[in-house]
Amino acid sequence: MRHFITLLLFALFPFALFSQGFGYKSMLGDLDITKTEQSYGMPRKNLSVTGEPLSVAGQVFQNGIGVQADSRISISLVGNTNTIKGYVGINDCSIDYSNPSLINIPLVDGTMVYYSSIESGKEFLGLGSGDGTQLGGSAIFKIIGDGKELFNSGVMRRGDAPKEFNLNVRRVQLLELITESTEDGPVGDHADWLDCELEYREIPPK
């Protein structure tokens with residue numbers, strides 16, 4: 001009888017591990033993000049969209065994606081991912097937009113798009129007003145699974161503490177990480193997806 005129980009436990013052990021959520025793990029910052037949809041600039045891996053360190057309300061993160069709202073990151077899960085967890089927030093900003101060395105391009109509404117000059121051309125530094133001030137900095141973070149809203153951060157502003165999420169996405173085929181500008185417009189909307197970890201089974205998300 002004892003021998004039978006031992007064999008039964010060994011037979012059930014892999015299932016027990018699986019049911020408890022054990023599996024492979026992938027960080028959002030390790031995925032290919034070249035097809036991210038974004039209004040201004042380009043998404044950045046392990047940096048804010050302006051090239052600054054990932055820092056929200058003084059809390060520094062090493063892994064994540066920095067975007068400029070509005071943006072959309074689409075991830076194929078093919079129903080093979082258990083969970084996604086992480087944090088969201090608006091990145092701290094230390095850039096002096098009144099610096100005359102910055103390149104600025106006016107938009108029709110009077111907003112300026114700021115760049116710095118680099119060897120390969122220019123690097124996006126955000127949006128601001130014509131006099132160099134950068135008021136605002138707010139966004140709404142949403143996670144959509146197969147068209148259904150799974151997470152909504154509400155309005156987050158610069159200086160707010162990071163907000164955590166931990167979601168079951170076991171049967172989701174397509175996951176979308178969305179940031180939306182709020183009523184104060186896109187200025188300063190340097191939105192971060194932070195320490196985002198996806199736990200999957202056989203097929204990694206992409």
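Q: Two strands pair if DSSP finds at least two bridges between them. How many bridges join S9 to S10?
A: This is a predicted model: local features need pLDDT of at least 70, side-chain atom pairs count only at pLDDT 80 or more, and totals for chains, interfaces and linings use all residues. Residues are numbered from 1 along each chain as its sequence is written, and side-chain values use heavy atoms, with hydrogens and water left out. Helices (H or I, at least four residues) and strands (E, at least two) are DSSP runs, numbered from the N terminus. S9 and S10 run antiparallel, and the number of bridges that join them is four.

Q: Which residue takes a positive phi in the hairpin of S9 and S10?
A: Across the two strands, Pro106 stands opposite Met112 in S10. The hairpin has five residues between its strands. The residue with a positive phi, near 90°, is Gly110.

Q: What is the average pLDDT of the protein chain?
A: The pLDDT is the predictor's confidence in each residue, from 0 to 100. In this chain 89% of the residues score at least 70, and the average is 88.

Q: Where is the pLDDT below 50?
A: The stretch in question has five contacts in the model (heavy atoms within 4.5 Å) beyond near neighbours in sequence. Its pLDDT is below 50 over residues 4–21.

Q: How many strands does the protein chain have?
A: The secondary structure includes one helix. The count of strands comes to 16.

Q: Which are the edge strands of the open sheet S9-S10-S11?
A: The three strands of this sheet pair in the antiparallel sense. An edge strand here pairs on one side only, and this holds for S9 and S11 (121–128).

Q: Which residue is the bridge partner of Ile118 in S11?
A: S10 and S11 run antiparallel and are joined by seven bridges. The partner of Ile118 in S11 is Gly121.

Q: Which strands stand at the edges of the five-strand sheet?
A: This open sheet has the order S2-S7-S15-S12-S13, with antiparallel pairing. Each edge strand has a single partner strand, so one side of it is left without a neighbour in the sheet. The edge strands are S2 (37–38) and S13 (148–157).

Q: Which residue in S15 is the bridge partner of Ala139?
A: Seven bridges pair S12 with S15 (residues 174–181), and the sense is antiparallel. The partner of Ala139 in S15 is Ser181.

Q: What is the angle between the ring planes of Tyr97 and Tyr114?
A: Rings of Phe, Tyr and Trp (its six-membered ring) pair if their centres lie within 6.5 Å; planes under 30 degrees apart count as stacked, over 60 as edge-to-face and the rest as tilted. By this rule there are seven aromatic pairs. The ring centres of Tyr97 and Tyr114 are 5.2 Å apart, and the pair is edge-to-face because its planes stand at 70°.

Q: How many residues apart in sequence are the parts tied together by Tyr97 and Tyr114?
A: Tyr97 lies in the loop between S8 and S9, while Tyr114 lies in S10 (residues 112–118). The pair therefore ties together parts whose separation in sequence, in residues, is 17.

Q: Are Tyr97 and Tyr114 buried or exposed?
A: Buried means under 20% relative accessible area, exposed over 50%, and partly exposed in between (1.4 Å probe, protein chains only). Both Tyr97 and Tyr114 are buried.

Q: Which strand holds Trp193?
A: Phe141 and Trp193 form an edge-to-face pair, 5.3 Å centre to centre with 85° between the planes. Phe141 has a relative accessible area of 0% and is buried, and Trp193, at 0%, also counts as buried. The two are 52 residues apart, with Phe141 in S12 (residues 138–145) and Trp193 in S16.

Q: Which residues do ring pairs link into a cluster?
A: Two members are Phe141 and Trp193. The full cluster is Phe141, Phe151, Phe165 and Trp193.

Q: Is Val78 buried or partly exposed?
A: Most residues other than glycine have a negative phi. Val78 has a positive phi near 45°, and its place is in the loop between S7 and S8. Because its relative accessibility is 38%, Val78 counts as partly exposed.

Q: What is the omega of the cis peptide bond from Ala69 to Asp70?
A: Asp70 is found in the loop between S6 (64–68) and S7 (71–76). The bond that leads to Asp70 from Ala69 is cis, with omega near 10°.
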